[in-house]
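I opened the notebook to record what I looked up in this structure, beginning with charged pairs and going on to the sheet, the cores and the rings.

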Amino acid sequence: KFMKSADINQGIEEWKNMKGSILIDVRTSEEYREGHIPGSINIPLNEIDTVTEKGFGKELPIFVHCRSGSRSSQAETRLLQLGYTKVKNIGGFMGYKGKVEV
């Protein structure tokens, strides 16, 4: 079945307005280099567990996105399993309408 994905643009606004929150792009480093949202940090899905080494508090609001919303959904699940309490999947980069950085 087709799921309506989160609106990434709305998610980006939330992230910008939430002091101390972080935006994680879980696409591959190649995808990230081709263009990403300014201020986002790249932690590919297959390396998501390394987030624990970055020293982010478990209460820190974390926004995750990928290309279409599928990998970020998996990342959200994993981060919650790792004990992060405020994780939000904001969907896919394909729907992003803001500024892109390379």
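Entry on E14 and its partner. I looked up E14 and found that at 27% relative accessibility this residue counts as partly exposed, where buried means under 20% relative accessible area, exposed over 50% and partly exposed in between, with a 1.4 Å probe and protein chains only. I keep in mind that this is a predicted model, in which local features need pLDDT of at least 70 and side-chain atom pairs count only at pLDDT 80 or more, while totals for chains, interfaces and linings use all residues. Residues are numbered from 1 along each chain as its sequence is written, and side-chain values use heavy atoms, with hydrogens and water left out.

I then noted that E14 forms a salt bridge with K88, with the closest N and O atoms 2.7 Å apart; the term stands for a side-chain nitrogen of Lys or Arg within 4 Å of a carboxyl oxygen of Asp or Glu. E14 lies in helix α1 (residues 8–17) and K88 in strand β4 (residues 87–92), so the pair ties together parts that are 74 residues apart in sequence. Helices (H or I, at least four residues) and strands (E, at least two) are DSSP runs, numbered from the N terminus. K88 is partly exposed, at 34% relative accessibility.

Entry on the other salt bridges. How many salt bridges does the rule give? The count comes to six, and I followed up two others. R78 pairs with D49, their closest N and O atoms being 2.9 Å apart, and this links distant parts of the chain, since R78 sits in helix α3 (residues 70–81) and D49 in the loop between β2 (41–42) and β3 (62–66), 29 residues apart. R78 is partly exposed at 27%, and D49 is partly exposed at 35%. For E30 and R33 the closest N and O atoms are 3.9 Å apart; being three residues apart in helix α2 (residues 29–34), they are separated by about one helical turn.

Entry on the sheet. I traced an open sheet of four strands in the order β2-β1-β3-β4, with parallel pairing, two strands being paired if DSSP finds at least two bridges between them. β2 and β4 stand at the edges with a single partner strand each, so one side of each has no neighbour in the sheet. Four bridges join β3 to β4, and the bridge partner of V64 in β4 is N89.

Entry on the cores. The largest nonpolar core has 15 residues, and I24, V26, I48, V51, I62, L79 and Y84 have the most contacts inside it; such a core is a set of buried Ala, Val, Leu, Ile, Met, Phe, Trp, Tyr and Cys residues joined through side-chain atoms within 4.5 Å. β3 gives the most to this core, with three residues. Apart from this core lies another, of nine residues, among them I12, I37, I90 and Y96.

Entry on the rings. I searched the whole structure and found one aromatic pair, the rule being that rings of Phe, Tyr and Trp (its six-membered ring) pair if their centres lie within 6.5 Å, with planes under 30 degrees apart counted as stacked, over 60 as edge-to-face and the rest as tilted. The rings of F93 and Y96 have centres 5.8 Å apart and planes at 25°, so the pair is stacked. F93 is buried at 16%, and Y96 is buried at 13%.
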